[in-house]
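User: Hi! I have a model open and would like to talk through its fold with you. Could you take me through it step by step?

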Amino acid sequence: MRDRTAAAVLLIAGLAVVFGFFVLTSDVPSEDAPNASFAIESDAASGELVVEHAGGDSLQSGSLRVLVYEDRPIIPDRTVHGTVWETNSGTIRPGDRIELEDQRFESGQRVVVRWFGDGGQANLYETYF
């Protein structure tokens, strides 16, 4: 009996954590997300990726994450790389670039620039390299 009660308590706690994570990281409507465009240059063979803020709104340093995913058809996609984009000036402006190096970069992976704000998150840019 005690084992069942403990299992039920753990299950409820786990569901509460998952629900809380979903609420805290919900996607904001596209009209509430910053308007910014990005461009990438990549050399997957040497494990290099450059992301440039190509235009639009300036963004607060630390509010962007550059994520690289390996798409997998049956099981969830695997995150290959994740970097928080920070600048010394405190602002990410058009023309700013971030250079990433990771030997796990391969052709065909998906690059996502994700913005995190007070009200949630939004993907600002997504492409394959």
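Analyst: Happy to! Helices (H or I, at least four residues) and strands (E, at least two) are DSSP runs, numbered from the N terminus. This is a predicted model, where local features need pLDDT of at least 70, side-chain atom pairs count only at pLDDT 80 or more, and totals for chains, interfaces and linings use all residues. Residues are numbered from 1 along each chain as its sequence is written, and side-chain values use heavy atoms, leaving out hydrogens and water.

User: Which pattern does the protein follow along the sequence?

Analyst: The protein has 1 helix and 9 strands. Read along the sequence, they give α-β-β-β-β-β-β-β-β-β.

User: Which strands stand at the edges of the open sheet of 4 strands?

Analyst: Two strands pair if DSSP finds at least two bridges between them. The open sheet has the order β5-β4-β8-β9, with antiparallel pairing. Each edge strand has a single partner, so one side of it is left without a neighbour in the sheet; these strands are β5 (78-85) and β9 (120-128).

User: Which residue of β8 does L67 stand opposite?

Analyst: Strand β4 (residues 64-70) pairs with strand β8 (residues 110-117) in the antiparallel sense, over 6 bridges. Opposite L67 in β8 stands V112.

User: What percentage of the residues count as buried?

Analyst: Buried means under 20% relative accessible area, with a 1.4 Å probe and protein chains only. Of the 129 residues of the protein, the buried share is 32%.

Notes:
Buried < 20%, exposed > 50% of the residue type's maximum accessible area, 1.4 Å probe, protein only.
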